Amino acid sequence: MPRPFLLLMCALLAGCQLAPPHERPASPTANRYPAALEPDMPGIDAATIPWRDFITDSRLQALLETAFERNRDLQVAVQRIEETRGQFRIQNADRYPSLGLSADASRGRFPTGTSGATGATGATSGAGATAAGGGVVERYSLGIAVTAFELDFWGRVRNLGEAARAEYLASIEAQRAFRLSLIADVSATYLAVREADARIALAEATLRSRRDGLSIAETRYQAGITSALDYNQAQALLTQARTELAALRLTRAQQANYLTLLIGGEPAGPLPPPAPLGQQTNPVTLAAGLPSTLLLARPDILAAEERLRAARANIGVARAAFFPQVTLTGSAGYASSELSGLVSADNRTWSIGPSISLPLFDFGRNRGNLTVAEARENIAIAEYERAIEAAFREVADALAGRRYLAEQVTAQAENLATLRRIADLAQDRYAEGVVNYLEVLDAERNRFDAEQAFIQVQRAQLQNLIELYVALGGGTAGRPNEAPTEETPSDLRS
């Protein structure tokens, strides 16, 4: 081909882009978190802390490692990566010509007077003549061929590859987002089990104490020192503790079953001893930073952005359908009726066959495809903005929890200390005969409820710290915990 024509073709192939340029939509959230939540307090960026450094409970670490290996939903997410990786490689291969090597050999007999007998073995006629008496024909060929390679003037193939690449990267980020959510779910369920264990231990100790109290009340009643009312009230305290204990055991069994589901079955071996409730995480203070940092730290936001990129690439594909499609078919090689001289200059063959197709009347099909692609872009924009809003809310909620749950824990601890003193005083006054057993009953109930509530708020505070770590994209900087199958090859990132 003439050089100017080749240069023009290369310019068209390189410069034509019908897809809209990718730009991040403006953030729909405020530039800062609410000032009342103390976002400027000094701390460490959660994204730089690996989860094994943040979660220090060895049993919880073992459960999380088991979940990463055996959780069925995570396995699905990993296989989604492999699926989209394969789809990208398939689509990206269409940008380059597919070369095929072929070798053929045939031998056949043709009847007299047919064109197939031309050049038949034993014929006396020259090349191109028809054998008078028929004969056997041999044909051999060797060559390479390009089949229906599309000259991508309008970027259709390139945008299809870009869309597949973006979907692949989105699947990677979606898998990372699920890992973070799995950390939150497993940790929350584990803390619920540890809370139930602590409350069960409290209920069992209370049950033993109230059995002793009931025995004393029965002795005093039989001795005529107290009335039947005091004895029945002591019985009611014991029944309350027994009822609460049964409810707590039910809750623990349900949470343990859910934890087994999250980690994909029973652990393979014995687990390390658990840390006491309240010592599951590193006491480091997490820095809230700015909402804009979530755009690069949160994998769910990154996944939404990649899906938006794919939607915009598909608009370019839909627009290219309005223009002519040019394909090229060609081959080159050797052909001969004798195998010994097949590869020689005289037996060289080649062919080239460009074709062009232009849609004339499609009854609105291409226009409909473009409308669909543009609508999907708008959907992707809305989903991207929704992901940012959800991330902003999760961080703000966790920051609020960090502040107000700390205040609640302090107030609850003070309230528990007061109710314990009241219960002790009520017991002393009852032993001295100053008050009846009703005051002891009320004081014991209030103390038991306060002790249970204190354990609950301790668990809530600890769970909120883990939720803040996850909401800030904990452990995502540098992807330190990424498995080899989750890494992004450089040829796909480029």
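1. Helices here are DSSP runs of H or I with at least four residues, strands are runs of E with at least two, and both are numbered from the N terminus. On that footing, Phe-363 falls in the loop between β6 (348-357) and α9. The model under discussion is a predicted one, and the points below should be read accordingly.

2. Phe-363 deserves a look for its backbone, since this residue has a positive phi of about 55 degrees although it is not a glycine. Most residues other than glycine have a negative phi. With a relative accessible area of 82%, the cut-off for exposed being over 50%, Phe-363 is classed as exposed. Ala-148, which is likewise not a glycine, has a positive phi of about 50 degrees, but its place is in strand β3 (residues 135-151).

3. As to the overall architecture, the secondary structure of the chain comprises eleven helices and six strands. The chain has 494 residues, of which 41% count as buried. Taking the contacts between residues at least 6 apart in sequence, one finds that 85% of them join residues at least 24 apart.

4. The loop between α1 (3-15) and β1 (44-45) contains Tyr-33, and Arg-32 lies in that loop as well. Arg-32 comes within 5.8 Å of Leu-290, C-alpha to C-alpha, although 258 residues separate the two in sequence. In accessibility the two loop residues can be set side by side: Arg-32, at 42%, counts as partly exposed, whereas Tyr-33, at 4%, is buried.

5. Five aromatic pairs are counted in the model. One of them joins Tyr-33 and Phe-392 in a stacked arrangement, with 5.1 Å from centre to centre and 25 degrees between the planes. This pair links distant parts of the chain, as Tyr-33 belongs to the loop between α1 and β1 while Phe-392 belongs to helix α9, 359 residues apart. Phe-392 has a relative accessibility of 16% and therefore counts as buried, the limit being under 20%.

6. A further aromatic pair, formed by Phe-153 and Trp-154, is tilted, with 6.2 Å between the centres and 55 degrees between the planes. Phe-153 is buried at a relative accessible area of 12%, whereas Trp-154, at 24%, is partly exposed. Ring pairs also bring in Phe-323, so that Phe-153, Trp-154 and Phe-323 are linked into a cluster.

7. A ring also takes part in a contact with a charged group: the charged end of Arg-179 sits over the ring of Phe-68, at 4.3 Å from the ring centre.

8. The largest pocket has a volume of about 340 Å³. Its lining is made up of 20 residues, and those closest to the centre of the pocket are Ser-209, Gly-213, Gln-427, Tyr-437 and Glu-444. By residue class, the lining divides into ten nonpolar, four polar and six charged residues.

9. Which helices each supply at least two residues of that lining? They are α5 (156-222), α6 (228-263), α9 (365-431) and α10 (437-471). Among these, α5 provides the largest share of the lining, nine residues. Helix α9 thus appears in two of the points made here, because it supplies residues of the pocket lining and also holds Phe-392 of the stacked pair, helices being taken as DSSP runs.

How values were computed
Residues are numbered from 1 along each chain as its sequence is written. This is a predicted model: local features need pLDDT of at least 70, side-chain atom pairs count only at pLDDT 80 or more; totals for chains, interfaces and linings use all residues. Side-chain values use heavy atoms; hydrogens and water are left out. On a 1 Å grid over the protein atoms alone, a cavity is a set of points where a 1.4 Å probe fits but cannot get out, and a pocket is an open set with protein on both sides within 12 Å along at least five of seven lines; lining residues have an atom within 4 Å of a point. Grid points are joined across faces, edges and corners, and a volume is the space filled by probe spheres set on the points. Ala, Val, Leu, Ile, Met, Phe, Trp, Tyr, Cys and Pro count as nonpolar, Asp, Glu, Lys and Arg as charged, and the others, Gly among them, as polar. Rings of Phe, Tyr and Trp (its six-membered ring) pair if their centres lie within 6.5 Å; planes under 30 degrees apart count as stacked, over 60 as edge-to-face and the rest as tilted. Buried means under 20% relative accessible area, exposed over 50%, partly exposed in between (1.4 Å probe, protein chains only). A charge sits over a ring if NZ of Lys or CZ of Arg is within 6 Å of the ring centre and within 35 degrees of the ring normal. Contact means heavy atoms within 4.5 Å.
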